[in-house]
2 protein chains.
Amino acid sequence: MTDASQTAAGPFEGYLCFSVYAAGLAFNRLYKQVLDRFGLTYPQYLVLVALRQRDGRTVSELGEALFLESNTLTPLIKRLEAAGLVERRRDTRDERVVRVSLSDAGRALAVDIECVPPQIGEAIGIDHARLGQMAQTLDELAAGLRRAVRD
Amino acid sequence: MTDASQTAAGPFEGYLCFSVYAAGLAFNRLYKQVLDRFGLTYPQYLVLVALRQRDGRTVSELGEALFLESNTLTPLIKRLEAAGLVERRRDTRDERVVRVSLSDAGRALAVDIECVPPQIGEAIGIDHARLGQMAQTLDELAAGLRRAVRD
DNA sequence: GGAATATAAATCGCACACGATTTAATCGCA
DNA sequence: TGCGATTAAATCGTGTGCGATTTATATTCC
């Protein structure tokens, strides 16, 4: 018996941290549903989008765009490479740097997944302007958080 | 050579999914800084807060509160148990159910960590009313997302 | 009462995320 | 020129998340 009136959930009313956490979980699940069809995870999807916008980014540049570091990105990119979607090459001018570029298959997939954001937007059932507003609010919050982490 | 003028970051302008993702990462990092001192991770912190609000919750009830399932919660709770913060007991009336309750140490820690949210709030540097507004916005978004996942 | 069904946790495998460290290449500068 | 400092990735270990399955207990209903 599930008694909705008793609010088993809800010890975190007004905890912004929890709202962000829960929204992240929920977004992740929705994206998983949509991206499973393409065999991609959400961060992998982000890498493809970033590379489509500018190919041949270095691991560090991808990290700046996605707010991730090499310890997360290296294995992720290697999985994309194993899937035949990207290629990793050491920069000839600076052998420390690894440049990531889309393969033909990766470029094709990057085009295919352009349909994802509007599809998600529609599924959420909140009007577009409001979603944009939310994004702006969150970016402001994330900026505040990153400032706080840096001290 | 890092060319800041070229905006290596930023291929996700206006992508709400990315704003949520990035805010989640940023929140997680800030909380990690603060919670490390208590030897807690963020989800572990949430479990303690939930149990302080009502002790003896079942794994399922914790799952409803945190939007997680037993596959995530069981190992997490076992780590809390190993740390001596909670106790796990099979319900005598229904042996399928596991009830989780705070140990003395857990209760004490649950009191200690009450200082965390205000500390975080201050670190962010965004006024309290605006934070509450953001939480409300995000809850609305998360509700929309969960509706969409259920189809 | 007993077999089919349902439910609660637990288990397993995989993919992030991240602190800490390591390796390799480049830079800075005396 | 050469050596210490810096930088870019990679590696390692731990802790989530989650789909899929398994195990154990409870319920249903004939």
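**Exercises on the interface of chain A and chain B**

Across the interface of chain A and chain B, the rule finds two salt bridges. The model is a predicted one.

**Exercise 1.** Determine which side chains meet in a salt bridge with an N to O distance of 2.7 Å, and which elements of chain A touch chain B.

*Solution.* The salt bridge in question joins the side chains of A:Arg130 and B:Glu140. With a cut-off of 4 Å between a side-chain nitrogen of Lys or Arg and a carboxyl oxygen of Asp or Glu, this pair qualifies. On the side of chain A that touches chain B, two or more residues each come from α1 (16–36), α2 (42–53), α3 (59–66), α6 (116–124) and α7 (128–150) of chain A. That side comprises 40 nonpolar, seven polar and eleven charged residues.

**Exercise 2.** State how many residues are in contact, and how much area chain A and chain B bury between them.

*Solution.* The contact involves 58 residues of chain A and 60 residues of chain B. Between them the chains bury about 5,600 Å², with 70% of this on carbon and sulfur atoms. Residue pairs in polar contact across the interface, both at pLDDT 80 or more, number twelve.

**Exercise 3.** Identify the symmetry relation of chain A to chain B, and explain why the copies meet through the same surface.

*Solution.* A turn of 180° with a shift of 0.0 Å along the axis lays chain A on chain B with an RMSD of 0.0 Å. This is the relation of a two-fold axis. The C-alpha of A:Gly24, at 3.1 Å, is the one in chain A nearest the axis. Of the interface residues of chain A, 98% are also interface residues in chain B, so the copies meet through the same surface.

Methods: Residues are numbered from 1 along each chain as its sequence is written. Chains are lettered from A and ligands numbered from 1 in the order in which they are written. Side-chain values use heavy atoms; hydrogens and water are left out. Copies are superposed by least squares on the C-alpha atoms of residues with pLDDT of at least 70 in both. Contact means heavy atoms within 4.5 Å. Buried area is the accessible area (1.4 Å probe) that two parts lose on being put together, summed over both. A polar contact is a pair of N or O atoms within 3.5 Å; within protein, one must be able to donate a hydrogen and the other to accept it, and residues adjacent in sequence count only if both atoms are side-chain atoms. Helices (H or I, at least four residues) and strands (E, at least two) are DSSP runs, numbered from the N terminus. Ala, Val, Leu, Ile, Met, Phe, Trp, Tyr, Cys and Pro count as nonpolar, Asp, Glu, Lys and Arg as charged, and the others, Gly among them, as polar.
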